[in-house]
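Work through the exercises below with the sequence and the model open side by side. Try each task before reading its solution.

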Amino acid sequence: MPEGAARPARGSLLGFDFGLARVGIAVGEFETGRANALTTLTVEANAARFEAIARLIDEWRPVQLVVGLPLSEDGTPQELTPRCRRFANQLGGRFGLPVALIDERFSSAEAERQLAEAGQRRWADRKPVLDAVAAQIILQYYLDQTAHAPTA
């Protein structure tokens with residue numbers, strides 16, 4: 001969210017962990033300040049991916065979208081950074097919703113840790129939900145960061 005911009009007092013958000021093969025999606029709520037893993041899209045074709053996202057937007061009616069921005073450990077852009085920015089721009093353009101980009105460094109590693117702690121030790125068990133949990137971590141970070149921002 002741009003500095004000084006008021007965030008909505010209420011409403012749901014969708015959070016995205018963008019990847020070329022998979023996109024993890026989480027849902028959150030400004031009022032409760034909580035995010036939850038929702039689903040992982042495994043469609044690679046752009047049209048099918050955006051159709052699936054459109055269905056989720058119709059279902060959840062978010063007031064904002066949040067996309068995790070992949071950066072290197074030192075905070076510099078990496079190979080996927082420009083593609084993720086393009087994805088965020090496409091989301092905003094297609095759905096007419098504000099999109100916030102949030103540093104997602106270490107979100108996948110944190111998702112791995114949380115799933116292992118929850119007893120999902122095998123990669124085959126973690127893989128289907130890993131990206132959705134990473135999206136949840138990204139969205140929760142955003143909600144925590146904006147909890148005290150002025151509301152509209």
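The exercises that follow use a predicted model.

**Exercise 1. Find which residues of α1 are buried, and how they are arranged around the helix axis.**

Solution.
- Start with the extent of the helix. α1 has 15 residues and reaches 21 Å from its first C-alpha to its last. That is close to the 21 Å expected at 1.5 Å a residue.
- Next, list the buried positions. They are R49, F50, A52, I53, L56 and I57.
- Now look down the axis of α1. The buried residues fall within an arc of 155°, so they line one face of the helix.
- Recall the helical repeat. An α-helix has 3.6 residues a turn, so residues three or four places apart point the same way.
- Check the other side of α1. R55 and E59 are exposed there.
- Finally, identify the packing partners. The buried residues of α1 pack against the strands β1 (12–17), β2 (23–29), β3 (34–41) and β4 (64–69), and against α2.

**Exercise 2. Decide whether R49 is buried or exposed, and list what R49 touches.**

Solution.
- Place the residue. R49 sits in helix α1.
- Apply the cut-off. Buried means under 20% relative accessible area. R49 has 3% relative accessibility, so R49 counts as buried.
- List the contacts, leaving out residues up to four places away in sequence. R49 touches F18, G19, L20, A21, R22, V23, L41, V43, E44 and F87.

**Exercise 3. Describe the surroundings of I57.**

Solution.
- I57 also belongs to helix α1.
- Its relative accessible area is 10%, so I57 is buried.
- Beyond residues up to four places away in sequence, I57 touches L14, P62, L65, F95 and L97.
- Take F95 from that list. I57 and F95 are 38 residues apart in sequence, yet 8.3 Å apart in space, C-alpha to C-alpha.

**Exercise 4. Which backbone angle stands out just after α1, and where does the residue lie?**

Solution.
- Step past the end of the helix to R61. Its phi is positive, about 50°.
- R61 is a residue other than glycine.
- R61 lies in the loop between α1 and β4.
- Exposed means over 50% relative accessible area. R61 has 60% relative accessibility, so R61 counts as exposed.

**Exercise 5. Analyse the lining of the second largest pocket.**

Solution.
- Begin with the volume, which is about 170 Å³.
- Name the lining. It consists of F18, L20, E44, N46, R49, F50, R83, R86, F87 and Q90.
- Sort the residues by class. Four are nonpolar, two are polar and four are charged.
- Assign the lining to helices. α1 (46–60) and α2 (81–95) each supply at least two residues.
- Find the main contributor. α2 gives the largest share, four residues.
- Link back to Exercise 1. R49 and F50 are in the pocket lining, and both are among the buried residues of α1.

**Exercise 6. Place Q140 relative to distant parts of the chain.**

Solution.
- Locate the residue. Q140 is in helix α4 (residues 123–146).
- Judge accessibility. At 12%, Q140 counts as buried.
- Find the contacts, leaving aside neighbours within four places in sequence. Q140 is in contact with G33, R34 and A35.
- Compare sequence and space. Q140 and V27 are 113 residues apart along the chain, and their C-alpha atoms are separated by 9.4 Å.

Note on methods. Residues numbered from 1 in each chain as written. Predicted model: local features only at pLDDT ≥ 70, side-chain atom pairs only at ≥ 80, totals over all residues. Heavy atoms only, no water. 1 Å grid on protein atoms, 1.4 Å probe; cavity = no way out; pocket = protein on both sides within 12 Å on 5 of 7 lines; lining within 4 Å. Points joined across faces, edges and corners; volume = space filled by probe spheres on them. Nonpolar A, V, L, I, M, F, W, Y, C, P; charged D, E, K, R; others polar. Expected span 1.5 Å × (residues − 1). Buried < 20%, exposed > 50% of the residue type's maximum accessible area, 1.4 Å probe, protein only. Arc of directions from axis to C-beta. Contact = heavy atoms within 4.5 Å.
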